[in-house]
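This report describes one protein model for a reader who has not met it before. The sequence and structure come first, and the description follows.

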Amino acid sequence: MHDMYLFNTMGRSLQRFEPLHDHKVGFYGCGPTVYNFAHIGNLRTYIFEDILVRTLRRFGYDVTHVMNITDVGHLTGDDDTGEDKMVRSARERGSSVLEIAQFYTDAFFVDTQRLNINRPTIVCKATDHIQDMIDLIQRIEANGYTYFAGGNLYFDVSKFEHYGELAGLQLDQLKAGARIEIDPNKRNPFDFVLWFTKSKFENQALLWDSPWGRGYPGWHIECSAMSMKYLGEQFDIHAGGVDHIAVHHTNEIAQSEAATGHKWVNYWMHAEFLVLDKGKMSKSSGSFLTLQTLVDKGYDPLDYRYFCLGGHYRSQLSFSWEGLDQARAARLALVDRVVALKEAAGQPAHSLARPEQIGAAAKAYLQAFDDALSDDLAMPRALAQVWTMLKDTEIPPADALACILDMDRVLGLSLDAAEKREASVDAETVRWIEDMIRRRAAAKKARDYAAADAIRNELKAKGIQLEDRPDGTSWKLTN
Ligand code: AMP
Ligand code: ZN
């Protein structure tokens, strides 16, 4: 097993990874709230989790990956304000909550599959685990961490000594009012609801009987209940986006440890946000990009995966179309390189050397690639090793091919399926090229040769060669 260092949000430091049970790893990643499509920011977080799981498996760990599907209880405000996102979406779309949940759950897995994100070992729905949540809440209650007020059961954060440790919150300092409090039933602004019986909105579709009355669970309790059900009362890694640190994960820790009386999770990992024009991409604002938006614009989903690999998961990644274009060009260059290596190696991929049989020169790159991954998933550094290896003329093609395909077990770019690309363009591009040719002809006619040359050069940079003939200008692709 390869050593692995992970940045633990708990303690804010790089720590050597030591699983609880030998080579077995229990990993829980907070899944989507299925009231809408995932946006490409959400998908960045799931790509990060996929890289983590693939790396752990590569290094010899036996990973059980659990992901929840939130189909109840996630209010529009993470601090118990607003209304249930599922209920609102169902009302707005004139469907039932279950139809909405099924539709967006399916859409989510279509997206993740297109991004080569491996399906988690266990996918579990909140609505299938209400009894597990009730059981857990009863343990928290029996241990004296709850109070009932205004029809809801609350978690009393003042009873939990380590509250806020993950986020570095100082309860007494923050009490002064960092968060605007609108729930008068709470004794402390950081208290949160474990079970709602007083629905704040009419026609709440999803209700269950419970010891506290007919109602529905708070959002945080589902992750505690389902992770413990499938991974045990203590497990190795829990991950999500950075937005979950302050409220969701902080509350998950409080209620889990209040129930069991011991430590819950050893390593907390958080992916930074994908940002748009320096702003946050959010699902609830309604203005966000989906994977389908990129596909409709002619990108391959793997162009976006490659784009994400270009940034470290703990740094914000700024999305731009230029950046995505560069990722596409780099990914296609990689595909072309693999095709060329296949031809040069003259053998089918399945007969290639196994990693341990690869020659020393290529093996050194594999080692450097693994070292980068083991250093808190330093993917940009790992990617740099890919390219340096491919440019190293000392490496025999068969070795280079075996090496890149081995690296692709983590990159997940389907390089084993790489095929010679047909040089082709879609109808929209053809219209654009023809429009450019017309504009160039007009510029020439007006004797604006600089403008005409600029157009020729712009096309050339995109791999389009113009040829002037007596009967007009034709074009062809140069690659
Ligand atoms: P949600 O479906 O809203 O619960 O979010 C799903 C996952 O995406 C969570 O782990 C969030 O932390 C994460 N997330 C939300 N917005 C972004 C973003 N702009 N960039 C990266 N991850 C995000
Ligand atoms: Zn969660």
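A helix here is a DSSP run of H or I that is at least four residues long, and helices are numbered from the N terminus. In those terms, Ala-382 is found in helix α12, which covers residues 379-391. The model is a predicted one.

**Overall make-up**

The secondary structure of the protein comes to 15 helices and 16 strands. Taken along the principal axes, the C-alpha atoms fill a box of roughly 85 × 60 × 40 Å. The protein has 479 residues, of which 52% count as buried. Among contacts between residues at least 6 apart in sequence, 75% join residues at least 24 apart.

**Ala-382 in helix α12**

Ala-382 counts as buried because its relative accessibility is 0%, and the cut-off for buried is under 20%. Leaving aside residues up to four places away in sequence, Ala-382 touches Phe-369, Ala-372 and Leu-373. Between Ala-382 and Leu-366 the separation is 16 residues in sequence and 9.1 Å in space, C-alpha to C-alpha.

**The zinc site**

Which residues coordinate the zinc ion (ligand 2)? The donors are Cys-30 through SG, Cys-223 through SG, His-248 through NE2 and Glu-252 through OE, at 2.1 to 2.5 Å. Along the sequence, these donor residues follow the spacing C-x192-C-x24-H-x3-E.

The 4 donor atoms around the zinc ion (ligand 2) subtend angles of 71 to 129 degrees, and the arrangement is therefore irregular. A tetrahedral assignment would need all angles to lie between 85 and 135 degrees.

The UniProt record, an unreviewed entry, places the feature "binding site" at Cys-30, Cys-223, His-248 and Glu-252. These residues are spread over 223 residues of sequence, yet they cluster in space, with a largest C-alpha distance of 11.0 Å.

Two of the donors share a helix: His-248 and Glu-252 both lie in helix α7, 4 residues apart, or about one turn of the helix. Both of these residues are buried. Cys-223 is found in another listed element, helix α6 (residues 219-231). Cys-223 is buried because its relative accessible area is 0%, and Glu-252 counts as buried because its relative accessibility is also 0%.

The surroundings of these two donors can be read from their contacts, not counting residues up to four places away in sequence. Cys-223 touches Tyr-28, Cys-30, Asn-68, His-248, Glu-252 and Trp-264. Glu-252 touches Cys-30, His-220, Cys-223, Ser-224, His-238, Trp-264 and Trp-268. The contacts of Cys-223 thus include the zinc donors Cys-30, His-248 and Glu-252.

**The unit around helix α7**

Helix α7 (residues 245-260) also belongs to a right-handed β-α-β unit, together with strands β10 and β11. Strand β10 spans residues 235-241 and runs parallel to β11, to which 6 bridges join it. Within this pairing, Gly-241 stands opposite Ala-271 in β11. Is strand β11 (residues 265-271) mostly covered or mostly open? Strand β11 is mostly covered, since 7 of its 7 residues are buried.

**Sheet and hairpin**

Strands of a sheet pair through backbone hydrogen bonds, in a parallel or an antiparallel sense. Elsewhere in the model, 4 strands form an open sheet in the order β6-β7-β8-β9, with antiparallel pairing. The edges are taken by β6 (146-149) and β9 (216-217); each has a single partner strand, so one side of each is left without a neighbour in the sheet.

A hairpin joins β15 to β16 through 2 residues. The table sets out three strand pairs, each with an opposite residue pair.

| Strand pair | Sense | Bridges | Opposite residues |
|---|---|---|---|
| β10 and β11 | parallel | 6 bridges | Gly-241 and Ala-271 |
| β6 and β7 (residues 152-155) | antiparallel | 4 bridges | Tyr-147 and Tyr-154 |
| β15 (residues 464-469) and β16 (residues 472-477) | antiparallel | 6 bridges | Ile-464 and Leu-477 |

Methods. Residues are numbered from 1 along each chain as its sequence is written. Chains are lettered from A and ligands numbered from 1 in the order in which they are written. This is a predicted model: local features need pLDDT of at least 70, side-chain atom pairs count only at pLDDT 80 or more; totals for chains, interfaces and linings use all residues. Side-chain values use heavy atoms; hydrogens and water are left out. Buried means under 20% relative accessible area, exposed over 50%, partly exposed in between (1.4 Å probe, protein chains only). Two strands pair if DSSP finds at least two bridges between them. A crossover is right-handed if, with the strands pointing away from the viewer, the path from the first strand over the helix to the second runs clockwise. Donors are N, O and S atoms within 2.8 Å of the metal (3.2 Å for Na, K and Ca); water is not among the atoms, so sites may look incomplete. Four donors count as tetrahedral if all angles lie between 85 and 135 degrees; four count as square planar and six as octahedral if opposite donors are over 155 degrees apart and all others between 65 and 115; anything else is irregular. UniProt positions are given in the numbering used here, feature names are shortened, and annotations may be inferred rather than shown by experiment. Contact means heavy atoms within 4.5 Å.
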